[in-house]
Each structure stands twice: as C-alpha cells, then as structure tokens.
Amino acid sequence: MKPNVREFDEMTPERFEKLKNTLSRRQPDLRVLTDHVHKPHNIAAIVRTCDAMGVAHLHMVWPHDQFGRFSKTASGSDRWVTVHPHQTSVEAIELQKQQGRKVIAAHFSDRAIDFRDYDYTQPTTLLLGQELFGVSDESADMCDEHVVIPMQGMVESFNVSVAAAIILSEAQRQRDAAGMYDKLSLNPEEYEKTLFQWAHPQVAKFCDKKGLPYPALNEEGDIENAAQWSQSVREVPDLES
C-alpha cells in the first residue's frame, strides 16, 4: 500500500517533545535477556518494565521460526523497546559480553549476592530464566555475577516479571543518582532512527519494506514536505514480502 499524506500518523508538538525527552533518557548499555520466558502476561510485564526504567533493548532467547508467537504475545507493547531474538542462551550471552556488557543472572547460588550490592552503573545485561526451571546451569556458569532478592516469607522466589521490576528499579535508582538519565546516551544514528519510528510507525514500516531512507522531520515532528514526499514514493515499485 502506498502512503497517503492523509494517513500519516498524527503528531502534536507536545507529543513530539515527550518522545524526544523519553529517548534522551534511554540507557542502551543496560539490557535485559530472557531465556525462554514465554507466558504472555510475563512477557508484556517485562517489556513495560523495560520501557519504564529506560531500557532500550530486550534480548530474548526464542527460536526465529517461532518469533511470530512472541509478536502476538507482546500485543504491541514492544513498540517502545527494541526486541532482539536469539536461538540459544549461549549465543545471546556471548553477544552481550562481546559488546562490552557484564551479564548478571537472577539466580540463587553459592556465589549469589544481594541484588542491591551490584553496581548497575556499569554496562550490564540482566538474565532472567524460564518460568518453571529458571536459569540453566550452563547459562549460570557463563554469567559474571548472580544476584538474588532476599525473601522473608515461605515462597522461594518472585514471579519472573516481578523480579525483573524489582531488580531494574534498583538499577534505575543507582543510575539516576549517578546522573545517567540526565545526558543522552544513544548514539545519534539510533536516536534519529528510533525517534522517527516512534513518531511515524506506519511510514517507518513502509520505508523499511521498500528499503527507503526515512524522510526528514521538522521541529514539530511532522514530515517535511509530506505531500511531495508521498507523491514521490508512489513511483517506487512494491517489493515482494
């Protein structure tokens, strides 16, 4: 379908300013990795928590041929968080380390520390295990640290999405105290790309499908010369899905 200027996503200066302010507080070096967490309410809750705490990227161990199931499960809540699927936990953990982040597992072990004693101001990925079995032994061995939430009752652990919220709240507290939300951390290319995707998701989807660059935005967040741009791309042939 060709984009029509009348179908462009509506934007107000106030909303555009909110999008920019939210993006400016994103923490690209603080990430979450879930290992086959699959229950819909847990996935949606973790994504919402990531957004609330300024986590820009969520990595998920979820086979690529089944990733459509995640998209349906998330019900659109992943619009504000970039999701990266992985086939195995080994692959996902190795990638985090290669990119310079420590990996800490929410996992009870002899070397586990109180989650509040970890320094979350350093580049970090939080690993959360599957609902029933938790973090696997192989994944736990690969992690730099294990953290636990002290329990005072009869149950042994929190629900995975609750644990994510508690631990990321501490990460947010530490980073806020260090002033890390007061400066732009995203690189300029990711900032501009994500801003456009947030402001004009339908146009962004069209451009991605066609392999076209995103059009420029004006100070109010509208597409510059929208009618002219819309007319120009009508000559671009449709690509096969």
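This is a short chat about two helices and one loop residue in a predicted model.

Trainee: Why is helix 7 called oblique to helix 8?

Mentor: Start with the angle: helix 7 (residues 188-199) and helix 8 (residues 201-210) pack at about 120°. Roughly perpendicular covers 65 to 115 degrees and roughly antiparallel needs over 145, so an angle that fits none of the named ranges counts as oblique. That's why helix 7 is oblique to helix 8.

Trainee: And how far apart are the axes of helix 7 and helix 8?

Mentor: They're 5 Å apart.

Trainee: Which residues meet where helix 7 packs on helix 8?

Mentor: From helix 7 you've got F196, Q197, W198 and A199, and they meet P201, V203, A204 and D208 of helix 8. Sorted by class, that contact has six nonpolar residues, one polar and one charged.

Trainee: Now N159. Where is it found?

Mentor: N159 sits in the loop between strand 7 (145-148) and helix 6 (160-177).

Trainee: What makes N159 count as partly exposed?

Mentor: Its relative accessibility is 34%. Buried means under 20% and exposed means over 50%, so a value in between is partly exposed. N159 therefore counts as partly exposed.

Trainee: How do you know that N159 and N42 make a polar contact?

Mentor: Their side chains are joined at 3.1 Å, and the cut-off for a pair of N or O atoms is within 3.5 Å. The N159 side chain also makes a polar contact with the side chain of S161, at 2.5 Å.

Trainee: Leaving out residues up to four places away in sequence, what does N159 touch?

Mentor: H41 and N42.

Technical notes: Residues are numbered from 1 along each chain as its sequence is written. This is a predicted model: local features need pLDDT of at least 70, side-chain atom pairs count only at pLDDT 80 or more; totals for chains, interfaces and linings use all residues. Side-chain values use heavy atoms; hydrogens and water are left out. Axes are lines fitted to C-alpha atoms, for helices over the stretch in contact, and angles run from 0 to 180 degrees between N-to-C directions. Helices (H or I, at least four residues) and strands (E, at least two) are DSSP runs, numbered from the N terminus. Angles under 35 degrees count as roughly parallel, over 145 as roughly antiparallel, 65 to 115 as roughly perpendicular and the rest as oblique. Contact means heavy atoms within 4.5 Å. Ala, Val, Leu, Ile, Met, Phe, Trp, Tyr, Cys and Pro count as nonpolar, Asp, Glu, Lys and Arg as charged, and the others, Gly among them, as polar. Buried means under 20% relative accessible area, exposed over 50%, partly exposed in between (1.4 Å probe, protein chains only). A polar contact is a pair of N or O atoms within 3.5 Å; within protein, one must be able to donate a hydrogen and the other to accept it, and residues adjacent in sequence count only if both atoms are side-chain atoms.
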